[in-house]
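Please look through the sequence and the model shown here before reading the report that follows.

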There are 2 protein chains.
Amino acid sequence: MLRRNISPMHSYEDDARCNLPDTGEPLYGRLAEYYRRIIAAGTLAPGDRMPSIRAVMSRHRVSLSTAIQTFRCLEDAGWLHARPRAGYFVRTPVPPKLDTVREPEVPVVPDEAQYVGLHEKVSRVIARAAAFPDALNLGGATAVADLYPTAALQTLTTRLLRHRPTLLTEAGADSGVPEFRQAAARRALAAGVTVSPDEIIVTTGGVEAVNLALRAVAQPGDTVAIESPAFFGLLQILESLGLRALEIPTSPTMGMSLEALEIALAAYGNVKALVVVPNLQNPLGCVMPDERKAALLKLCMRYGVAVIEDEPYRELSDSPENAKPIKAWDTGGHVIHCASFNKVLAPGMRLGWMSAGRWHERVRMLKFAQSRHNEALPQLVAAEFIGSGAFDRHLHRLREKLRAQREKTIDAVARYFPEGTRSSSPTGGLLLWIALPEGTDSEKVFEAALVQGIRVAPGSIFSNSDRFRSFVRISCPRPFDHSLEQALRRLGHLAGSVR
Amino acid sequence: MLRRNISPMHSYEDDARCNLPDTGEPLYGRLAEYYRRIIAAGTLAPGDRMPSIRAVMSRHRVSLSTAIQTFRCLEDAGWLHARPRAGYFVRTPVPPKLDTVREPEVPVVPDEAQYVGLHEKVSRVIARAAAFPDALNLGGATAVADLYPTAALQTLTTRLLRHRPTLLTEAGADSGVPEFRQAAARRALAAGVTVSPDEIIVTTGGVEAVNLALRAVAQPGDTVAIESPAFFGLLQILESLGLRALEIPTSPTMGMSLEALEIALAAYGNVKALVVVPNLQNPLGCVMPDERKAALLKLCMRYGVAVIEDEPYRELSDSPENAKPIKAWDTGGHVIHCASFNKVLAPGMRLGWMSAGRWHERVRMLKFAQSRHNEALPQLVAAEFIGSGAFDRHLHRLREKLRAQREKTIDAVARYFPEGTRSSSPTGGLLLWIALPEGTDSEKVFEAALVQGIRVAPGSIFSNSDRFRSFVRISCPRPFDHSLEQALRRLGHLAGSVR
């Protein structure tokens, strides 16, 4: 960390007289953040006496109640502790001593029973969450609107409509607007994937792309290999298409176990496709190493299994240059690559796309039959934004913010969650996969948290098996602040008390 | 027709000196239209000598070339004929002596072979048409942008985005935006259907709605009864979902034959659903009479067959009050009602919706799994437009324009198409179903027309059988003008020369 060339004491006194920046947070939260920085910088060291409540009131011209809330907030976060009759003293917060989530068990032939899976569990959880629309949403996978380039997209939309108002009243292009397909193709090229605009089909989000990919390569009754844990939406898609999910153990650091996959492919002859999220897997947040991506493709080709690669998060990786799509190794069109701008650019614009390799014509026909063309306007807006330098600048900022949000959330989990809690260590994105102490029923945590105004995703919906019953997925969609900290504290308390 | 209380001659002289209204058409077209009206009103009667070219030039201050084009245009349309060395004389155009298309054959148990139908024919026709993007499109089912309220929608979109820019960067509501669902529910109420906003699910166009409805009520391998001829998109949907189409003969005036349907339901036990377009059937353009709608529902309930009602065109009916949805008779939730604003408001906004009766929860789940929520922005724009009186005023104008376009197109077909051609007499919308003389191969007409820059829809794609091989569907998407007249003339010539 860079140290400023002024004496700590001087800086501290100076800063104290400055106005606190207006971040939109309540005053006590900003004041607490101010002291947190002073402590973190070493200006106030562990063991030092904190200025008295009265001193804080007069120095910052705040009320008694604000000063008390500030102290409580710092105490909650572990930066202060009260000594009876002596006042408040600075302390170093409990170091995040969170263990990482465990590797999956040694691969064995998966139990066939696990893919019975009528997935009403997912529907139930979604419906239950929808009944609490005002809950603090830590159960989703998109960031809050503030983290996306709202104003720039608004300006572009308005301008485009002024020049081409009939975008609203003319039918669009069947596989997508050429400008958007070109922008997507260039983006793919930058990620190491050679694909022409003609090979790109625009879809309603990445979800429609995965649906179409599965419909193109598999028939009802077929089996599809997936990661375990897997994005619950995928389990729902498979069920709705009459496909059977074969869950392959997946490492929180290396991605899907190739050893387990090979055993499964050898044991079951009816696996038609594999769906994989190689970069920032949901919920694990891991990036599969390059050599494993190449090996996975080779293995699937050997067994004649179509590879469907779902890539909603790649651009959120801390180092996207290390997060190549598997499609980059695909020379024969065996990989169907599905992507989306929902999580990285604009959750309200529903922009997905895919390049379907050998299945291109079939996917085109299925897309036409399923929902025709998508709206042209958002495609053109996105194409223009992506084509400018603004997209990369936005992504850079977004990644930095998400990294900070993840780190602070992990710290808070370490402080407030019960002994024995473990966390994933994602290298990008906004999702944390949290293992609560063994025996914790995450559906009960989910329900109790909802009632207290906090929404998380219970681990049980990430598998047709019961394997992740004690897990929760917690997302980091918004800048960390006091209210978020308090929510995580309540959540930690619930996780420790619910069984 | 109201007669103005002035002498015809006076009116004619007066009008001639007026400026011609600027309709956007070329000058000669407007001048021709001006004289066409004068002739139609009887001001210039059959046998009268037409003013000379020179007189027309000086009266309207137009060039020789414009005057000549005007005369040629009137001659082409049958309003003038040239007598050598005597000049041009008025004549009544050949009276449209077009017969209406025939009723289908006496119902018999349908041949099972007809629903083998791998519908690659449709894909081939669509791909072929896409290779001629500049062709005059008489093969589609939406009107040109000029006929929709482009400017009003642009203004609304821009204003909404100014107030709520995060519509672009926030995830939308899963079953659709409440405002839109309320607007759709009110619209349904006005059509005699009682449905609450909560029962409405927003979809990507009506096509996604029909897909979801079929997926909710039928499994791959099941049989679905449909109209014959049917919208080719439906045949494609059925094929893509692994469903078998059972084609029921359908009258060009009364809609699906209930007699044939009953015979078919009694003969086949595996019919799970029926898809019907009761109002402005595509391609026939007919509206099923009320008592037949009620009887159809009763019959389907008796046989336990789910009714999927597809309603993209209802609001284009000349008298929408006579075009009630079947859903209006449904008290038990047996009808899945699918609708869309694509054809009536904004082809670029992809707004569809459905109310799924007993299958509501299943459809909700399928929609979520298939493509999540739709964009909020166009839903809010449409809700506002529909809620104002502007929508009804727009519909009124649109219906009037479509009626004029249909009538002029039928006139032109009567003039230019070969002896023995028959046409449907739709009571709304923009589609004409034309029976060419027996033995005409409409796919050859389609191909030859494309090469000449005209796109129509060959009858062969409206059935899995060969029954409509000599039909074409011609749409009336744009104001009738000279170039359209010339195109229909060429088309008529092709239809007469291709076998």
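## Domains of chain A

The bounds of a domain, as the word is used here, come from an automatic or database domain assignment. The model described in this report is a predicted one. In chain A, this assignment gives domain 1, which covers 27-90, and domain 2, which covers 149-389. Between the C-alpha centres of domain 1 of chain A and domain 2 of chain A there is a distance of 49 Å.

## How the two copies are related

Two copies of a chain are related by a rotation about an axis and a shift along it. Here, a turn of 179° together with a shift of 0.0 Å along the axis lays chain B on chain A, with an RMSD of 0.6 Å. The two copies are therefore related as by a two-fold rotation axis.

Which residue of chain B comes closest to the rotation axis? That residue is B:Thr158, whose C-alpha comes to 2.6 Å from the axis. As for the interface, 100% of the interface residues of chain B are also interface residues in chain A, so the copies meet through the same surface.

## A sheet in chain B

Strands of a sheet pair through backbone hydrogen bonds, either parallel or antiparallel. Chain B holds an open sheet of 8 strands in the order 5-12-11-10-9-6-7-8, and the pairing in this sheet is mixed. Its edge strands, each of which pairs on one side only, are strand 5 (200-204) and strand 8 (255-256) of chain B.

Within this order, strand 6 (residues 223-228) of chain B pairs with strand 9 (residues 271-276) of chain B in the parallel sense, over 4 bridges. At the level of single residues, B:Ala225 has B:Leu274, in strand 9 of chain B, as its bridge partner.

Methods
Residues are numbered from 1 along each chain as its sequence is written. Chains are lettered from A and ligands numbered from 1 in the order in which they are written. This is a predicted model: local features need pLDDT of at least 70, side-chain atom pairs count only at pLDDT 80 or more; totals for chains, interfaces and linings use all residues. Side-chain values use heavy atoms; hydrogens and water are left out. Copies are superposed by least squares on the C-alpha atoms of residues with pLDDT of at least 70 in both. Contact means heavy atoms within 4.5 Å. Two strands pair if DSSP finds at least two bridges between them. Helices (H or I, at least four residues) and strands (E, at least two) are DSSP runs, numbered from the N terminus.
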